[in-house]
Amino acid sequence: MKDKYPVTCFYGVPIKLDNSGHYIFNTEIKIHAWRNGKHTKGKFLKLGQLFLTENNLLVAIVGATKLSFKNRHNFVPLERFTQEFISDEMLEIAIKKFKEEAV
């Protein structure tokens, strides 16, 4: 199939800006999954990177796995990657939560 493209499932935590302009967790740390799509803009660089969903939700990436092309419809596509990252401390907390939920 000509239109196939590499698909990755990204696990992330919703993030928001506080009044001082620092990234903080939206509420409690809850992990959700999205995937890249054919029209996703930008590139994944590393864990902690932020992306925007189709509903303009800001999400920090805490995990990524390859996804079979045929299984891509099980996940919502993300809109675009940004060049922003959360702090290493926040990333460490979110990854710990991600690993706990994966068990």
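Two strands count as paired when DSSP finds at least two bridges between them. Keep that in mind as you click around, and remember that this is a predicted model.

**Stop 1: strand β4**

Select residues 49–53, which make up β4. Then pick Phe-51 and look across to β5, where Val-59 is its bridge partner. Now look across to β6 instead: there the bridge partner of Phe-51 is Phe-81. So what holds for the strands as whole units? β4 and β5 pair in the antiparallel sense over three bridges, while four bridges join β4 to β6, again running antiparallel.

Next, show the side chains of β4. Which way do they point? Gln-49, Phe-51 and Thr-53 go one way, and Leu-50 and Leu-52 go the other. That fits a general pattern: in a regular strand the side chains alternate between the two faces of the sheet. Is β4 covered or open? Five of its five residues are buried.

**Stop 2: the turn after β4**

Follow the chain out of β4 towards β5 (58–67). The two strands form a hairpin with four residues between them. Select Asn-56 in the loop that links them. Its phi is near 60°, a positive value in a residue other than glycine. As background, most residues other than glycine have a negative phi. Switch on a surface here and you'll find Asn-56 exposed, with a relative accessible area of 60%.

**Stop 3: the other strand pairs**

Now select β1 (residues 7–17) along with β3 (residues 32–35). These two pair in the antiparallel sense over four bridges. To see them face to face, pick Gly-12, which stands opposite His-32 in β3.

Keep β3 on screen and add β6 (residues 76–85). How do β3 and β6 run, parallel or antiparallel? They pair in the parallel sense, over two bridges. Trp-34 is a handy residue to pick here, as it stands opposite Val-76 in β6.

**Stop 4: the nonpolar core**

Select Val-13, Ile-15, Tyr-23, Phe-25, Leu-50, Val-62 and Ile-86 and show them as spheres. Of the 16 residues in the largest nonpolar core, these touch the most other members. Where does the core come from? β1, β2 (23–25), β4, β5 and α1 each supply at least two of its residues. The largest share, four residues, comes from α1. There's a general tendency behind such groupings: in soluble globular proteins, nonpolar side chains tend to be buried together.

**Stop 5: helix α1 and a salt bridge**

Stay with α1 and select residues 88–102. Zoom in on Glu-101 and Lys-97, which form a salt bridge with their closest N and O atoms 4.0 Å apart. How many salt bridges does a search of the whole structure find? Just the one. Why can these two reach each other along the helix? Glu-101 and Lys-97 are four residues apart in α1, so about one helical turn separates them. Both ends can be seen from outside to some degree: Glu-101 is partly exposed at 42% relative accessible area, and Lys-97 is partly exposed at 28%.

**Stop 6: the largest pocket**

Select Tyr-5, Pro-6, Val-7, Thr-8, Phe-10, Asn-36, Gly-37, Phe-44, Ala-64 and Lys-66. Together they line the largest pocket, which has a volume of about 150 Å³. Try colouring the lining by class: you'll get six nonpolar, three polar and one charged residues. Which strand gives the largest share of the lining? That's β1, with three residues. β1 and β5 each supply at least two.

**Stop 7: two distances to try**

Thr-8 was part of that pocket lining, so keep it selected and add Thr-65, which sits in β5. Thr-65 is partly exposed, at 36% relative accessibility. The two are 57 residues apart along the chain, yet their C-alpha atoms are separated by 5.7 Å.

For your last pick, select Ile-24 in β2. Ile-24 is partly exposed, with 29% relative accessibility. Draw a line from its C-alpha to that of Leu-67: the two residues are 43 apart in sequence and 29 Å apart in space.

How values were computed
Residues are numbered from 1 along each chain as its sequence is written. This is a predicted model: local features need pLDDT of at least 70, side-chain atom pairs count only at pLDDT 80 or more; totals for chains, interfaces and linings use all residues. Side-chain values use heavy atoms; hydrogens and water are left out. A salt bridge is a side-chain nitrogen of Lys or Arg within 4 Å of a carboxyl oxygen of Asp or Glu. Buried means under 20% relative accessible area, exposed over 50%, partly exposed in between (1.4 Å probe, protein chains only). On a 1 Å grid over the protein atoms alone, a cavity is a set of points where a 1.4 Å probe fits but cannot get out, and a pocket is an open set with protein on both sides within 12 Å along at least five of seven lines; lining residues have an atom within 4 Å of a point. Grid points are joined across faces, edges and corners, and a volume is the space filled by probe spheres set on the points. Ala, Val, Leu, Ile, Met, Phe, Trp, Tyr, Cys and Pro count as nonpolar, Asp, Glu, Lys and Arg as charged, and the others, Gly among them, as polar. A nonpolar core is a set of buried Ala, Val, Leu, Ile, Met, Phe, Trp, Tyr and Cys residues joined through side-chain atoms within 4.5 Å.
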